[in-house]
Amino acid sequence: MSSLTIRKVELYPIAMPLVERLGTSFGKEPFKVAILVQLFTDEGIMGWGESPAEIYPGYAYETIGIALHVLSQFIIPTLIGCTLTQPDQIVACMSHVRGHPIAKHGIEQAVYDAFAQLHQLPLSAYFSQLVGEIKGVPQTSKGFATVGVSIGIQDDVASTLAIIEKRLQQGYQRIKLKIKPGWDIELAQGVRAAFPEVMLMLDANSAYTLHDSEYLRQLDDYDLLMIEQPLPYNDIYQHSKLQPQIETAICLDESITTVDDAMLAIELGACRIINLKPARVGGFTESIKIYRFCVENGVALWIGGMLETGIGRSANLAFASLPGVTLPCDLSATDRYYDPDVTEPPFVIR
Ligand code: OSB
Ligand code: MG
């Protein structure tokens, strides 16, 4: 039997400048922070992971300080000496800590990376093997992922158009624009007029309430692929009231933290699309469950990101290569985020 025993876990909190900061409805992080995780095993295999916790508790409650505290004080001490025969067993090893999915994801990613190495498979092939068959279809990696880019709130529509032009030339297949009240309808109108064909979506990061449903309905005129997380970050019910009132598909990001959330959201009609962000759901074990649920039920999904460094992004890319991931993912090339990144060679779009 092949197993891995955890010997040591090292954390590297890092901070690096962003090539372009991302302005959202909840603010703008000054630079990129993350905790890189190095997991050593008795078998001599070392796995890498990344907890993409941020500076401010704006997108998630887990700041980098909280994640470091929880990992070093409560999670890592209990992991030393744990023997795993399957990567998903790491979930039970961390279940004494409630919540803190972004922190746990860093450990999870390192465990999946180590197991892929143990089985001598690239992570993409290892994920395919773990997902197995769905409805008789083997989940063999596509060998690629289609990607889009997330563009922050700018000063005016003209400068947004210039950025979109540049991103389209670079090969991005979908444009996602961050919105907030007052930076929404005119923006969509201006972008649609300039780029009638582009695959366009908006991400509100919870900036509206159900009272805005009439207002949000105006967005139906701009042929949007979806609107991401219009209502509160922890809500599913109100989204289920909003979705029937607008034609644009709602995609949930913040609200989906487990496969149960995804099942509830789909059953209530709160969204038609799911942004599966591995760090937000606590890692690849829950990600595989959400992936299976979506593919089994014909729910469109894509892989989101948290401006991960090359370490976190490489695993997200491997997951995004699964065949059921049909919509473009937030997985931009290195030069969109960093100069240089922590990994080599850089990620490029082909
Ligand atoms: O809401 O999808 C989001 C980045 C950090 C936190 C939340 C979000 C984002 C992005 C960018 O939109 C995604 C990426 O390019 O990694
Ligand atoms: Mg989002």
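## Exercises: cavities, pockets and a ligand

The shell around ligand 1 divides into 5 nonpolar, 3 polar and 8 charged residues. The model is predicted. Work through the tasks in order.

**Exercise 1. Which residues come nearest to ligand 1, and which side chains lie a few ångströms from its oxygen atoms?**

Solution.
- Step 1. Start with the shell. It holds 16 residues, and Lys176, Lys178, Asn205, Lys277 and Leu307 come nearest to ligand 1.
- Step 2. Look at Lys178. One of its polar side-chain atoms lies 2.9 Å from an oxygen atom of the ligand.
- Step 3. Turn to the aspartates. A polar side-chain atom of Asp203 lies 3.1 Å from a ligand oxygen atom. For Asp253, the distance from a polar side-chain atom to an oxygen atom of ligand 1 is 3.2 Å.
- Step 4. Apply the cut-off. A polar contact is a pair of N or O atoms within 3.5 Å. The values for Lys178, Asp203 and Asp253 meet it.

**Exercise 2. How much of ligand 1 does the protein bury?**

Solution.
- Step 1. Take the ligand alone. Ligand 1 then exposes 390 Å².
- Step 2. Add the protein. It buries 99% of that area.
- Step 3. Place the ligand. Ligand 1 sits in the largest cavity.

**Exercise 3. Describe the largest cavity: its volume, its lining and the classes of its residues.**

Solution.
- Step 1. Count the cavities. There are 3 cavities of 30 Å³ or more.
- Step 2. Give the volume. The largest cavity has about 290 Å³.
- Step 3. List the lining. It has 24 residues, with Leu22, Lys178, Gly305, Met306 and Leu307 nearest the centre of the cavity.
- Step 4. Find the elements. Strand S8 (175–178) and helix H12 (334–337) each give two or more residues to this lining.
- Step 5. Sort by class. The lining has 10 charged, 8 nonpolar and 6 polar residues.
- Step 6. Link back to the ligand. Lys178 lies near the cavity centre and also supplies the 2.9 Å distance to a ligand oxygen atom.

**Exercise 4. Which residues line the second largest cavity?**

Solution.
- Step 1. Give the volume. The second largest cavity has about 60 Å³.
- Step 2. Name the lining. It is made by Leu18, Glu29, Phe31, Lys32, Val33, Ala53, Glu54, Met306 and Leu307.
- Step 3. Sort by class. The lining has 6 nonpolar and 3 charged residues, and no polar ones.
- Step 4. Check for shared residues. Met306 and Leu307 line this cavity and also the largest cavity.

**Exercise 5. Where does the largest share of the lining of the largest pocket come from?**

Solution.
- Step 1. Give the volume. The largest pocket has about 480 Å³.
- Step 2. Find its centre. Among its 19 lining residues, Leu317, Phe347, Val348, Ile349 and Arg350 are closest to the centre.
- Step 3. Name the element. Helix H11 (residues 310–320) gives the largest share, 3 residues.
- Step 4. Sort by class. The lining has 11 nonpolar, 5 polar and 3 charged residues.

**Exercise 6. Which elements give two or more residues to the lining of the second largest pocket?**

Solution.
- Step 1. Give the volume. The second largest pocket has about 320 Å³ of space.
- Step 2. Find its centre. Of 15 lining residues, Val91, Lys104, Val281, Gly282 and Glu286 are closest to the centre.
- Step 3. Name the elements. They are helix H2 (89–94), helix H3 (101–118) and helix H10 (284–296).
- Step 4. Pick the leading contributor. H3 gives the largest share, 3 residues.
- Step 5. Sort by class. The lining has 6 polar, 5 nonpolar and 4 charged residues.

Technical notes: Residues are numbered from 1 along each chain as its sequence is written. Chains are lettered from A and ligands numbered from 1 in the order in which they are written. This is a predicted model: local features need pLDDT of at least 70, side-chain atom pairs count only at pLDDT 80 or more; totals for chains, interfaces and linings use all residues. Side-chain values use heavy atoms; hydrogens and water are left out. On a 1 Å grid over the protein atoms alone, a cavity is a set of points where a 1.4 Å probe fits but cannot get out, and a pocket is an open set with protein on both sides within 12 Å along at least five of seven lines; lining residues have an atom within 4 Å of a point. Grid points are joined across faces, edges and corners, and a volume is the space filled by probe spheres set on the points. Helices (H or I, at least four residues) and strands (E, at least two) are DSSP runs, numbered from the N terminus. Ala, Val, Leu, Ile, Met, Phe, Trp, Tyr, Cys and Pro count as nonpolar, Asp, Glu, Lys and Arg as charged, and the others, Gly among them, as polar. A residue is near a molecule or strand if one of its heavy atoms lies within 4 Å of it. A polar contact is a pair of N or O atoms within 3.5 Å; within protein, one must be able to donate a hydrogen and the other to accept it, and residues adjacent in sequence count only if both atoms are side-chain atoms. Accessible areas come from the Shrake-Rupley method with a 1.4 Å probe; for residues, only the protein chains shown count as cover. A molecule sits in a cavity or pocket if more than half of its atoms lie within 2 Å of its grid points.
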